[in-house]
Amino acid sequence: MAEALDLAREAARQGEIPIGAVVADSSGNVIGRGRNRRESGDPLGHAELLAIREAASAQGQWRLTDTTLVVTLEPCAMCAGAIVNARIGRLIFGAFDPKAGFCGSLGNLVQDPRLNHRVRLTSGFEAEKSAELLSEFFQSLRSRKLDTES
C-alpha cells in the first residue's frame, strides 16, 4: 500500500485525483503500477486499469490469477469488471467510495456469485491515509476555486 499511496501523491502533484494502484505477483514483486490519468484526457485512465495492463504485459498473459491488486480507493464498476475479467486473485483497497465504489459500497462485483471468477477481498486497509489524501486534494481544489471567484 505504501507504493500505491506514493503513486496517489504523484497523481495529485500532476493535478489528477490521488489514486494509486500496484499489482504484485505471488512472490510480492510489483509487476504493475498505475496512477490516475483521467484529467490528462483519458477517460479510461484509472489507476487500476493502468496497473493491470502493465502487469499483464509483464506476465505475458491476461490471466493474473496469482496476483494481488492494491489500490488506495475502492474500485468503481468499470475497474471492478476489469479486475474480474483479468482474474486478479486478491484485491486490497484503502478508502471506501460511497458514491462510485463497486467492491462493497454500491455493490460487490468482484465477489458476485453469478460471475465465473471471484476475488479475495480486503477492504479498508490504510483507509485513513487514503481518505486523507483525497480530502486534502479536494479541499485544495475548492480553495483554488474560491480564490479565482474572489
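Which elements do the buried residues of α2 pack against? They pack against four: β1 (20–24), β2 (30–35), β3 (68–73) and α3 (77–85). Keep in mind that this is a predicted model. That packing is a good place to enter the structure, starting with the sheet.

The sheet is open and has 5 strands. Their order is β2-β1-β3-β4-β5, and the pairing is mixed. Strands of a sheet pair through backbone hydrogen bonds, and they do it either parallel or antiparallel. Look at the two ends of the order. β2 and β5 (120–123) stand at the edges, and each has a single partner strand, so one side of each has no neighbour in the sheet. Neighbouring strands are also turned against each other, by 15° on average with direction ignored.

One pair of strands deserves a closer look. β4 covers residues 90–95 and pairs with β5 in the parallel sense, over 4 bridges. Within this region, F93 stands opposite S123 in β5.

Now add the helices. Helix α1 spans residues 2–13 and packs on the sheet. It touches β1, β2 and β3. Its direction makes about 145° with that of β1. Helix α2 lies across β1, β2 and β3 as well, and runs at about 155° to β2.

How far does α1 reach from its first C-alpha to its last? The helix has 12 residues and reaches 17 Å, close to the 16 Å expected at 1.5 Å a residue. Which of its residues are buried? They are A4, L5, L7, A8 and A11. These residues cover an arc of only 160° around the axis, so they sit on the same side of α1. On the other side, A2 and R13 are exposed. After α1 comes G15, with a positive phi near 85°.

Helix α2 can be checked in a similar way. It holds 13 residues, 47–59. At 1.5 Å a residue, α2 should span 18 Å, and its end C-alpha atoms are 18 Å apart, so the two values agree. The buried residues of α2 are A47, E48, L49, L50, A51, I52, A55 and A56. Just after α2, G60 takes a positive phi of about 75°.

Next, pick a single residue in the sheet. T72 lies in strand β3. Is T72 buried or exposed? Its relative accessibility is 2%, so T72 counts as buried. Set aside its neighbours within four places in sequence, and T72 still has many contacts to trace. Among them are A4, L5 and A8, which are buried residues of α1. T72 also contacts M1, P18, I19 and G20. G94, A95 and S130 complete the list.

Last, turn to the cysteines. How many disulfides does a search of the whole structure find? It finds 0. Why is C76 not bonded to C79? The sulfur of C79 is the closest cysteine sulfur to that of C76, but the two are 3.8 Å apart, which is too far for a bond. A disulfide needs the sulfur atoms within 2.5 Å. Seen from the other end, C79 is in no disulfide, and its nearest cysteine sulfur is that of C76. C76 is buried, with a relative accessible area of 17%. C79 has 0% relative accessibility, so it counts as buried too.

Methods:
Residues are numbered from 1 along each chain as its sequence is written. This is a predicted model: local features need pLDDT of at least 70, side-chain atom pairs count only at pLDDT 80 or more; totals for chains, interfaces and linings use all residues. Side-chain values use heavy atoms; hydrogens and water are left out. Helices (H or I, at least four residues) and strands (E, at least two) are DSSP runs, numbered from the N terminus. The expected span of a helix is 1.5 Å times one less than its number of residues. Buried means under 20% relative accessible area, exposed over 50%, partly exposed in between (1.4 Å probe, protein chains only). Contact means heavy atoms within 4.5 Å. Two strands pair if DSSP finds at least two bridges between them. Axes are lines fitted to C-alpha atoms, for helices over the stretch in contact, and angles run from 0 to 180 degrees between N-to-C directions. The arc is that of the directions from the helix axis to the C-beta atoms.
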